[in-house]
Amino acid sequence: MASESFYQAEEATYTVAQGGAVFLRKLGFGFLGAVNMCMLLIVLMVFAATVGFVLVQLWVEEPVFVRQTLYFDYTDVHPTAIFVSEGNDQRKQIGRIPVGHTFLLSLVLLMPDSDFNRGIGVFQVTAEVISTNGDVISRSSHPCILRFRSSPIRLMQTVFLGIPILLGLSSETQQLTIQILKHKELCNLRTSFIRITLIPRAGTSSIPQLYKAEVFMKSQLPWMKQVIRNWKWTFYVWTSMYIYVMLIMILFCCFKPLVLPTSGALAGPIVRDFPVETVRERRSKGREDREMSEELRRWQRSRGKRKAITFCGVSPPDASNISFRREDRSGVTKESIGDS
């Protein structure tokens, strides 16, 4: 009984140790698997967001904005300046306005507030859209004039702004902003350039003096493209989510053994049951030895009794067979022991 209790305690100790080791190893491999899966999902999310952003950026059109300085040729009777749309995005190399866009052209004139310009009064600014074959597609003309300021106002302005003007912090100028043209780009009539002309009023030949002339062009998208542009961040999110789901499906369908390896593939032969099996074998062997010893003792007692009976003159009983069993790991065998 003591030996059996010892074997049971030893088996329980090995079982508890084995269970603890298996639990810790499984916990460690589970944590590593969770970290690996999180990193993989984050990488897929970043990749899907990048691809979705690029695809939507290629699909969504942006309005064209151009700012350019004009130089009028004052050698002509009517000074002209040529504006060629080159675009503000050098990466895309926009050479012209996209088809379907409606562009607005504004002219900014910085003029000296001189007696000469005030004496000219009204003058005309003309803008002409020239096609690639040299034809005039559209033409627009607007009158311009400096804002009127009376002599007392100009005197007071000179008194209060005299020092800033002397220091170069201010100047006696007026800026005129004129929206001179609105045109929709067509596929069969593409714009080559825009010609802007300064024309004096009838009966005079005086052209206004200019410090600087700039032109601003901003295009308007068609209605559908404008709606898409207004909702582009929604398209960014949904396109990225769609790509992300597709990547996860492809990954789990085609590369599942790599993404979700089994516990055996991760841990390999982690723990073998050799210690517990050894304890069981020892216990079985001890039980067999005890049974064998008990059978031998019985046989020896019965043999001693027969010998005593023989010495006393009593005929021995018929030869009887005493059998005992011995169990091993391969099976059960019987041994018969007869009279000697």
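**Figure 1. Isoleucine 82 and its cross-strand partner in the predicted model.** In this predicted model, isoleucine 82 stands opposite arginine 195, a residue of strand β7. The antiparallel pairing of β2 with β7, which covers residues 191-200, runs over four bridges.

**Figure 2. The open sheet that contains β2 and β7.** Four strands build this sheet, and their order is β2-β7-β4-β5. The pairing is antiparallel, and the sheet is open. Its edges are formed by β2 (80-83) and β5 (136-144), each of which pairs on one side only. From one strand to the next, the twist averages 20°.

**Figure 3. The salt bridge between lysine 232 and glutamate 62.** The side chains of these two residues meet at an N to O distance of 3.3 Å. Lysine 232 belongs to helix α6 (residues 232-254), whereas glutamate 62 sits in the loop between α1 (2-59) and β1 (65-70), so the pair ties together parts that are 170 residues apart in sequence. How accessible is lysine 232, buried or exposed? Lysine 232 counts as buried, because its relative accessibility is 17% and the cut-off for a buried residue is under 20%. Glutamate 62, with a relative accessible area of 24%, is partly exposed.

**Figure 4. Glutamate 214 and its two basic partners, arginine 67 and lysine 212.** Glutamate 214 forms a salt bridge with arginine 67, and the closest N and O atoms of this pair are 3.1 Å apart. Arginine 67 lies in strand β1 and glutamate 214 in strand β8 (residues 212-220), so parts that are 147 residues apart in sequence are tied together by the pair. A salt bridge also joins the side chains of glutamate 214 and lysine 212, with an N to O distance of 3.3 Å. The accessibility of each residue in this view is as follows. Glutamate 214 is buried at 10% relative accessibility. Arginine 67 is exposed, its relative accessible area being 53%. Lysine 212 is partly exposed, with a value of 40%.

**Figure 5. A network of salt bridges that links four charged residues.** Which residues are linked in this network? The members are Asp113, Asp115, Arg118 and Arg149. Side chains of opposite charge can pair when their charged atoms come close. For the structure as a whole, the count comes to eleven salt bridges.

**Figure 6. Cysteine 144 and cysteine 187 in a structure with zero disulfides.** A search of the whole structure finds zero disulfides. Cysteine 144 counts as buried, with a relative accessibility of 5%. Cysteine 187 is exposed, and its relative accessible area is 63%.

**Figure 7. The protein chain as the setting for the close-up views.** How many helices and strands does the protein chain have? The protein chain has nine helices and ten strands. Of its 340 residues, 27% are buried. Among contacts in the protein chain with a separation of 6 or more, 76% are accounted for by residues 24 or more positions apart. The exposed area of the protein chain is about 23,000 Å², and carbon and sulfur atoms supply 62% of this area.

Methods. Residues numbered from 1 in each chain as written. Predicted model: local features only at pLDDT ≥ 70, side-chain atom pairs only at ≥ 80, totals over all residues. Heavy atoms only, no water. Helix = DSSP H or I, 4+ residues; strand = E, 2+ residues; numbered from the N terminus. Buried < 20%, exposed > 50% of the residue type's maximum accessible area, 1.4 Å probe, protein only. Pairing = 2+ DSSP bridges. Axes fitted to C-alpha atoms, helices over the stretch in contact; angles between N-to-C directions. Disulfide = S-S within 2.5 Å. Contact = heavy atoms within 4.5 Å. Areas by Shrake-Rupley, 256 points an atom, 1.4 Å probe, with all protein chains shown as cover.
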